[in-house]
Amino acid sequence: MFRLFVHREAHAQLSIILLCGAIFCGQAAAQNRIVGYYAAYNSGLLPYDQVEYSNLTDVIVAFAIPNSDGSISFIDPSMPFPGLVSAAHAAGTKVLISLGGASGGTAFPLVTADSTSRARFINSIIAFLTTNSYDGVDLDWETPADSQETDQLTALVRDMRARFAQTDSSFLITMAIPPGPWGGQHFDIRNLVANVDWFNVMCYDFVGSWSTYAGHNSPLYQAVDDSNQAGSDSLAVAYWIGRGSRSVAIPKDKLVLGVPFYSVQFDAPGLYRMLSNSTTTNPYYPEVMSDLAAGWVYHWDNVSKVPYLMNSSGTEFITFEDTNSIAIKVEFCSRQQLGGLMIWELSQDLYNGHQPLLETLAGKMKTTTAVVAHPVAASQFKLLQNYPNPFNPTTVISYKLSTSSYVTLRVYDALGREVRTLQNGWTNPGTHEIVFDASGFASGIYLCTITSGSFMQTEKMILIR
């Protein structure tokens with residue numbers, strides 16, 4: 001999932017919010033799960049007392065490391081964070097410990113090799129949970145390499161569930177799983193499902209330094225012209241619920257979609273263009289906002305439903321999430337009736353004491369509405385560039401609609417804060433013009449976002465005093 005030390009701090013984003021029509025209406029609590037990984041090695045970036053626990057159902061502390069003798073060690077001396085546990089529990093949020101990670105799971109084959117080894121390892125886990133008041137364990141074995149290790153993982157989970165039933169039946173067991181068959185082929189889902197409370201699907205790192213072409217880190221949908229053909233969130237969901245190449249399914253309400261709160265920068269001249277294999281990861285703030293201020297251009301991919309940035313010289317490409325893409329992924333999970341969303345990782349989303357991406361995710365999930373917007377095709381819907389632009393203090397925002405639909409038109413500042421709702425309701429076909437009066441607003445970049453159903457378009461506006 002999680003590149004232990006390779007999954008770097010990152011908070012990539014431009015904040016814009018998308019509020020679409022149909023949301024989580026009347027679903028069971030299990031389908032409203034918001035799981036946030038708290039990376040111990042980034043605790044200095046996000047102290048536990050700054051985590052917005054009220055926006056989370058579960059916090060997973062990463063990572064504890066299995067040792068070959070069955071004991072557990074920690075990657076950070078400040079673990080196991082008793083203050084975090086107390087603060088989370090005070091907010092009604094559960095806390096789990098994640099074992100393994102991309103670099104920390106080398107001992108899994110040893111501690112699961114036979115019943116004696118498994119019992120010793122499970123004893124260590126139970127001792128940790130009871131001593132530190134944790135609510136469960138997250139297994140991040142990346143990944144079983146063959147059929148023998150497949151059977152060992154299945155046996156570990158089976159034995160652990162049996163021991164938990166004897167010790168504390170409320171203890172949770174969750175599991176991090178890859179987004180497709182390359183890493184997922186050695187998970188015996190048929191025999192894991194009954195003993196795992198939910199599965200966190202690592203829907204990110206679809207591209208990286210190993211890729212030939214630049215692409216989206218976590219596209220919701222894969223484009224036809226995606227040169228990497230590395231996959232997407234929707235394909236990962238289809239794979240695990242048995243609609244893809246795999247016949248064994250995970251129940252939808254046990255499938256939690258992973259979203260990245262970080263960006264990846266490529267030395268490449270654009271989306272799906274050849275890269276030089278030089279990549280870096282960046283935090284959410286202040287990097288992306290600094291890039292925008294320096295003249296980087298914001299783009300929205302309406303096929304993959306994610307944004308990206310290009311520098312002014314057209315040589316650098318940044319793939320990231322913003323509040324637009326996060327909100328659309330929440331809506332996707334609602335339509336698919338999934339168990340919720342998972343975040344890697346919480347320290348990558350912090351700005352002036354707030355967590356904009358998390359707040360958007362939680363707000364979108366908690367919102368309910370009876371309004372169901374009719375689907376609108378791109379050919380039926382067009383947001384025009386405002387005029388004049390730049391402007392002071394008023395400008396006219398126009399859009400065209402060829403069919404009646406529920407339309408929302410909002411304006412945000414460059415930090416993703418909503419400053420004005422211009423329209424929110426059913427709209428007849430035709431060309432519509434709305435005057436935006438920015439009197440009293442500061443100079444700078446503003447973003448006009450219009451949505452209808454699952455269709456969204458954003459235009460940049462510049463206010464100059």
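Which residues does Leu139 touch, not counting residues up to four places away in sequence? Select Leu139 and find out: the contacts are Leu99, Phe108, Leu153, Leu156, Val157, Met160, Ile173, Thr174, Met175 and Ala176. Keep in mind that you're looking at a predicted model.

Now widen the selection. Leu139 belongs to the largest nonpolar core, which has 115 residues, and together with Met175 it touches the most other members. Colour strand β2, residues 58-66, next: this strand gives the most to the core, with seven residues. Then move to another core that lies apart from this one. This other core has 19 residues, and Phe381, Phe391, Phe455 and Leu463 are among them.

Back to the neighbourhood of Leu156 and Met160, this time from a helix. Select helix α3, residues 115-132, and pick out Ile122 within it. Is Ile122 buried or exposed? Its relative accessible area is 1%, so Ile122 counts as buried. Show its contacts, leaving out residues up to four places away in sequence, and you get Leu156, Asp159, Met160 and Arg163. Two of these names, Leu156 and Met160, also turn up among the contacts of Leu139. For a distance to draw, try Ile122 to Arg161: they sit 39 residues apart along the chain, and their C-alpha atoms are separated by 9.7 Å.

Finally, zoom out to the whole protein. There are 10 helices and 21 strands to click through. Of the 465 residues, 59% are buried. Among contacts with a separation of 6 or more, 72% come from residues 24 or more positions apart. Switch on the surface to finish: about 17200 Å² is exposed, with carbon and sulfur atoms supplying 51% of it.

How values were computed
Residues are numbered from 1 along each chain as its sequence is written. This is a predicted model: local features need pLDDT of at least 70, side-chain atom pairs count only at pLDDT 80 or more; totals for chains, interfaces and linings use all residues. Side-chain values use heavy atoms; hydrogens and water are left out. Helices (H or I, at least four residues) and strands (E, at least two) are DSSP runs, numbered from the N terminus. Buried means under 20% relative accessible area, exposed over 50%, partly exposed in between (1.4 Å probe, protein chains only). Contact means heavy atoms within 4.5 Å. A nonpolar core is a set of buried Ala, Val, Leu, Ile, Met, Phe, Trp, Tyr and Cys residues joined through side-chain atoms within 4.5 Å. Accessible areas come from the Shrake-Rupley method with a 1.4 Å probe; for residues, only the protein chains shown count as cover.
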